[in-house]
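This briefing is meant for a reader who is meeting the structure for the first time. It deals with the ligand and its surroundings.

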Amino acid sequence: MSNKSIIEEYSIDTLMPNLVNGNWTVPEDTPGIQVSNPATGNIIATVPDSTTQEVDRIVRAAHEAFISWSKTPAVQRIQILFKLKGLLEDDFENLSQIVTREHGKTLSESRGEVRRAIENLDVAVGVPTMMQGTNLEDVASGIDEYAVRQPLGVFAAIAPFNFPAMVPMWFLPYAIACGNTFLVKPSEQAPLSQVRIAELATQAGLPNGVLSLVHGGRSTVEAILDHPLITGASFVGSTPVAKSVYERGTQNGKRMQCQGGAKNYLVVMPDAEMEPSIENIVESAFGCAGQRCLAGSVVVAVGNAYDDVKKRLLDGAKDLIIGDGSKDGVHMGPVISETSRQRILESIENGVNEGADILLDGRGKAVPGYDSGYFLGPTLFAEVTPEMSLAKDEIFGPVLSVMSADNLDDALDLVDAVPFGNMACIFTSSGKAARQFSSKVKAGNVGINIGVAAPMAFFHFGGMKDSFFGDLHGQGRDAVDFFTEDKVVIERWY
Ligand code: NAD
């Protein structure tokens, strides 16, 4: 048997395989979806747009595997996750390079993502503790009562392109550690790092069918949501899709958690430590080419901070080096696709037409030697007002808008006016202002002098309003609750 990984062995003339009952197999008679390297525009793989029949085959095997996996003691289940952690550490650099190739982000951003992915294993191995129930002796004379947590069946993750290695790991290790079996449907735009992670999970010793992987797009997702043997699903992606996936899944009686899009506001108070704050904001807005769900999208400069903030942001953004993320010294890679690039160009055009002041124009950015890459430079707007699309709509690209507010209450009103509630941040040296902001703001992840408020794996990943549909979130204890059923037993012995 070859020691080469599936991705190394893969030939561009064939479809990338699915992981079905422990075997990597290419489905027959299935159309393909092309995957490109966003820096070069070169096609790097073609994945199957898997059919309902293929999903059915995979889910039936996963359902079969659940019978013995759910009965495997939790302490044994987590031994495989410990092994997987070791394999991921050994493969860290390779995996990071795969992320840069499929997504375009810089290598240091990819390394950060892979680290965050692995951290979820660090937490999920605590499942023998986290999954414990509760009990009370003598709830009535001679009667004891206790609650136990049990696994439920086959769960699925439906993932976005922007953190291709990390997002499925907000769910996968917890679901498996809790005794469920799991199906990953990676983004069809960036599916390769999940192939590598699933390959390593198999090497770590997961029994056949415990982890499966199916490639595809919308119809594959619909087949998952309609399958009677799927117990529940975790979705991460744009708001319109999150909402429709949530509705379809719940109508089919499934347990659903759906994380949606974002429009993240960053409030800068006049008493903020300007230099590190602006550095943080520039990184938040333009890191990963603005394609983070925690990317800063609008800066609200309060009171007399406005002119200073505008000038400093321009200074911070104008010198960013744009290019192939795999090369040293590059600060910002391309966006994911030409379609995305065109959509972002349209948002910039709308901003100009609506009367915002364009301080830095990233349109027309060319990277020598990369004529077919999907590049854009950073774009900065000022004089943005609440009714403009720049203030309301998710752009998901390297575009930052600056608004002004007279005071913190007015700034909070601006933040609350947007339908999204993924992240909101404040930059200030006043504990009082920070406390007022974090207490009042309707956002699931709040940053205080932090520009990308990404919760560590032992906390849940928040989300409110149109950024989250469901009750229990990904990561941490919420994940354990989502992937288990709480059963109460009342017992008496004569
Ligand atoms: P997307 O909604 O286009 O796709 C997400 C997933 O849904 C993909 O696997 C895709 O195949 C599938 N899909 C697409 N259209 C579908 C449809 N009509 N029906 C069923 N499934 C469908 O999102 P994307 O462009 O891959 O990712 C970017 C979006 O994800 C942004 O809006 C970003 O804010 C959001 N996001 C949110 C979070 C969060 O934690 N809230 C994290 C990462 C990304």
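**The ligand and its surroundings**

In this predicted model, a polar side-chain atom of Ser238 lies 2.6 Å from an oxygen atom of the ligand. Once the protein is in place, 89% of the 850 Å² of accessible area that the ligand has on its own is covered. The space that the ligand takes up is the largest pocket.

**Polar contacts**

- Besides Ser238, Lys185 also places a polar side-chain atom by the ligand, at 2.8 Å from an oxygen atom of the ligand.
- At Gly260 the backbone takes part, with one of its polar atoms 2.8 Å from a nitrogen atom of the ligand.

**Residues of the shell**

- There are 26 residues around the ligand, and those that come nearest are Ala159, Glu188, Ser238, Gln259 and Glu394.
- Sorted by class, the shell around the ligand consists of 13 nonpolar residues, nine polar residues and four charged residues.

**Where the shell comes from**

- Two domains contribute to the shell around the ligand, with at least three residues drawn from domain 1 (6–260 + 467–491) and at least three from domain 2 (264–448).
- Among the secondary-structure elements, α9 (218–226) supplies at least two residues of this shell, and β10 (230–236) likewise supplies at least two.

Methods
Residues numbered from 1 in each chain as written. Predicted model: local features only at pLDDT ≥ 70, side-chain atom pairs only at ≥ 80, totals over all residues. Heavy atoms only, no water. Near = heavy atom within 4 Å. Polar contact = N/O pair within 3.5 Å; in protein donor to acceptor, adjacent residues only side chain to side chain. Areas by Shrake-Rupley, 256 points an atom, 1.4 Å probe, with all protein chains shown as cover. 1 Å grid on protein atoms, 1.4 Å probe; cavity = no way out; pocket = protein on both sides within 12 Å on 5 of 7 lines; lining within 4 Å. Sits in = over half its atoms within 2 Å of the grid points. Helix = DSSP H or I, 4+ residues; strand = E, 2+ residues; numbered from the N terminus. Nonpolar A, V, L, I, M, F, W, Y, C, P; charged D, E, K, R; others polar. Domains from an automatic or database assignment.
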